[in-house]
Amino acid sequence: VTPLVTSREYAQRRRRVMSHMPRNSLMILPFQDVPVRTHDILHPYRPDSSVFYLTGCCEKPSGDNIPMLVLAKAAPLAAASSEYTTLAFLFIKDSDRLVELWDGPSTGAANGNVFFNGGQTVA
């Protein structure tokens, strides 16, 4: 987790964003791709500001895997209820030791909940 910002703060930020979403809606935020400088040289990775603000996760895409954050707001299940159901999912790839040799350490789905308090991490 980033210095001075707790996973609880990230969960509050996601709840605040979801409170402004219309009912029965999804927000899909893919992580920023790594820009290519030349054919085989990449620029240093910088996480997407929106995703980083909501998760604190700096996971970078590798190969055909593009991590993403999905926020959902569903209508109440009971007719008398006014509470909307909100769900948050973080889709990131499991850690791969061989890929980490080239790209550096990754969060991986197993450790994703460290960043993702109040949501589900999916591989």
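**Exercise 1. How many of the seven residues of β4 are buried?**

Before we start: this is a predicted model, where local features need pLDDT of at least 70, side-chain atom pairs count only at pLDDT 80 or more, and totals for chains, interfaces and linings use all residues. Residues are numbered from 1 along each chain as its sequence is written, and side-chain values use heavy atoms, with hydrogens and water left out.

*Step 1.* Pin down the words. Strands (E, at least two residues) and helices (H or I, at least four) are DSSP runs, numbered from the N terminus. Buried means under 20% relative accessible area, exposed means over 50%, and partly exposed is in between (1.4 Å probe, protein chains only).

*Step 2.* Count. Five of the seven residues of β4 are buried, so the strand is largely enclosed by the rest of the structure.

*Step 3.* Set that against the whole chain: buried residues make up 33% of its 123 residues.

**Exercise 2. Find the strands that pair with β4.**

*Step 1.* Get the overall order. The chain has four helices and six strands, following the pattern α-β-β-β-α-β-β-α-α-β.

*Step 2.* Apply the rule: two strands pair if DSSP finds at least two bridges between them.

*Step 3.* Look at β1 (residues 25–30). It pairs with β4 in the antiparallel sense over six bridges, and M27 stands opposite L71 of β4.

*Step 4.* Now try β5. Seven bridges join β4 to β5, and the two run antiparallel. One spot to check is A72, whose bridge partner in β5 is L87.

**Exercise 3. Which residues of α1 are buried, and how do they sit around the helix?**

*Step 1.* Check the helix length. The expected span is 1.5 Å times one less than the number of residues. For the 13 residues of α1 (residues 7–19) that gives 18 Å, and the end C-alpha atoms are 19 Å apart, which agrees.

*Step 2.* List the buried ones: S7, Y10, A11, R13, R14 and M18.

*Step 3.* Place them. They cover an arc of only 155° around the axis (taken from the directions from the axis to the C-beta atoms), which puts them on the same side of α1.

*Step 4.* Recall the background: an α-helix has 3.6 residues a turn, so residues three or four places apart point the same way.

**Exercise 4. Explore the largest nonpolar core.**

*Step 1.* Define it. A nonpolar core is a set of buried Ala, Val, Leu, Ile, Met, Phe, Trp, Tyr and Cys residues joined through side-chain atoms within 4.5 Å.

*Step 2.* Find the best-connected members. Of the 14 residues in this core, M18, L29, F31, L54, L69 and L71 touch the most other members. At least two residues each come from α2 (49–55), β4 (68–74) and β5 (85–91).

*Step 3.* Zoom in on L71. Using contact as heavy atoms within 4.5 Å, and skipping residues up to four places away in sequence, L71 touches partners including R14, M18, L54 and L87.

**Exercise 5. Is each of N24, F91 and T107 buried, partly exposed or exposed?**

*Step 1.* N24 lies in the loop between α1 and β1. At a relative accessible area of 56%, N24 is exposed. N24 also has a positive phi of about 55°, although it is not a glycine.

*Step 2.* F91, in strand β5, counts as partly exposed at 32% relative accessibility.

*Step 3.* T107 lies in the loop between α3 (97–103) and α4 (108–115). At 13% relative accessibility, T107 counts as buried.
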